[in-house]
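Got the viewer open? Set the cartoon on, keep the side chains within reach, and follow along from cysteine to cysteine.

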Amino acid sequence: MTSRETNLTVALLPPGGRTGKALGYINKQFFSDANGNRGGAPNVAVVLVDGWPTDKVEEASRLARESGINIFFVTIEGADDVEKKNLIENDFVDKAVCRTNGFFSLPVSSWFALRKLVQPLVKRVCDADRLVCSKTCLNANDIAFVIDGSSSVGTGNFRTVLQFVANITREFEISDTDTRVGAVQYTYEQRLEFSFTQHGNKAELLNAIKRINYWSGGTSTGAAISYAAEQLFSKSKPNKRKIMIVITDGRSYDDVRQPALAVHRQDVIAYAVGIAWASQDELEYIATDPDKEHAFFVDEFDNLYKFVPKIVDNICQEFNSQPRN
């Protein structure tokens with residue numbers, strides 16, 4: 001297989017067609033291994049619409065994007081003034097395409113002009129670098145940070161931890177259909193700082209991380225892992241890779257082994273980052289095997305930054321070694 005290969009589906013819909021239903025059918029039927037999908041190649045759907053759809057496209061398009069499908073829309077002879085009164089979604093093209101930057105929407109004035117569109121469309125479909133809805137290691141995750149807010153951390157070091165969380169987050173493509181991030185802070189108790197669905201763009205998410213207030217208290221890491229599983233990963237989407245990053249500076253007052261085993265069984269990829277007084281054996285219990293790729297220890301909070309590229313690179317290496325669909 002070469003980098004120029006593409007999984008391509010073309011759908012031609014008549015005036016007044018049920019475009020949303022067609023997109024849902026394409027998503028379910030055409031881009032699966034059972035139907036010959038090549039996992040390493042981009043998934044592309046070209047939808048030709050003569051006129052206007054008579055159903056909603058937004059939800060079906062969102063599900064298709066979350067499945068890694070790059071949707072192109074070719075609109076032919078758009079609806080006239082009378083027909084526009086029947087439109088359910090006036091901006092259906094923007095709601096349907098992979099991105100609303102003009103690259104994925106191609107209007108033509110008539111069927112006779114369609115042949116002039118062939119080469120521009122082929123050029124776009126073959127431009128793999130711009131097929132941004134393809135699943136990558138940076139846009140296909142639900143990442144939960146489980147942050148130790150115990151008394152031993154201290155206010156200044158807690159700010160350093162939040163900077164570490166922000167530095168990892170910056171490396172990912174953040175939106176409601178790309179990578180999503182949630183955060184839990186814990187002491188003896190647990191607090192959901194924000195869920196996967198709460199912040200849908202990177203700027204908003206980074207501001208939310210910055211605004212997390214230091215709690216102070218004991219250290220119950222096991223309970224925090226269980227809490228993250230219940231509050232975050234139970235609501236994770238089936239087509240997202242579930243990643244948990246636990247950051248702690250001490251030995252837990254409760255058992256971490258059983259909660260860690262439970263999230264491993266739920267296909268959560270667990271990273272454990274320990275600082276100062278953290279227990280190496282607990283970090284290894286928490287971390288997904290192999291430990292050397294998922295468990296890290298530093299003597300000082302100021303050295304946390306060194307593990308940002310290591311964690312991000314490992315997430316990508318593991319993603320790229322797995323089937324894409």
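What follows is a walk through the cysteines of this predicted model, with a stop at a UniProt annotation on the way out.

**Stop one: the count.** Show the cysteine side chains and look at the sulfurs. With sulfur pairs within 2.5 Å taken as bonded, you should find two disulfides. Counting the bonded cysteines along the chain, they pair up as 1-2, 3-4.

**Stop two: Cys98 and Cys133.** Select these two and zoom in: a disulfide joins them, with 2.1 Å from S to S. Cys98 sits in the loop between α4 (92-96) and β4 (105-108), while Cys133 is in the loop between α5 (118-125) and β5 (141-148), so the bond ties together parts that are 35 residues apart in sequence. Now check the torsion about the S-S bond; it is about 105°, so this disulfide is right-handed. Switch on a surface if you like: Cys98 has 4% relative accessibility and counts as buried, and Cys133, at 5%, counts as buried too.

**Stop three: Cys137 and Cys316.** Next, select Cys137 and Cys316, which are joined by a disulfide with an S to S distance of 2.0 Å. Cys137 is in the loop between α5 and β5, but Cys316 belongs to helix α12 (residues 308-320), so here the pair ties together parts that are 179 residues apart in sequence. The torsion about this S-S bond is about 70°, so the disulfide is right-handed. How exposed or buried are the two ends? Cys137 is buried, with a relative accessible area of 10%, and Cys316 counts as buried at 13% relative accessibility.

**Stop four: Cys126.** Select Cys126 and look for a partner. Why is there no bond from the sulfur of Cys126? The closest cysteine sulfur, in Cys98, is 16 Å away, which is too far for a bond. Cys126 is partly exposed, with a relative accessible area of 49%.

**Last stop: the annotated domain.** Color residues 19-121 and 142-311, the ranges that an unreviewed UniProt entry lists for "domain: VWFA". Then keep only 142-311 on screen: over this range the chain is 35% helix and 23% strand. Finish by picking the C-alpha atoms at its two ends, which are 15 Å apart.

Methods: Residues are numbered from 1 along each chain as its sequence is written. This is a predicted model: local features need pLDDT of at least 70, side-chain atom pairs count only at pLDDT 80 or more; totals for chains, interfaces and linings use all residues. Side-chain values use heavy atoms; hydrogens and water are left out. Helices (H or I, at least four residues) and strands (E, at least two) are DSSP runs, numbered from the N terminus. Buried means under 20% relative accessible area, exposed over 50%, partly exposed in between (1.4 Å probe, protein chains only). UniProt positions are given in the numbering used here, feature names are shortened, and annotations may be inferred rather than shown by experiment.
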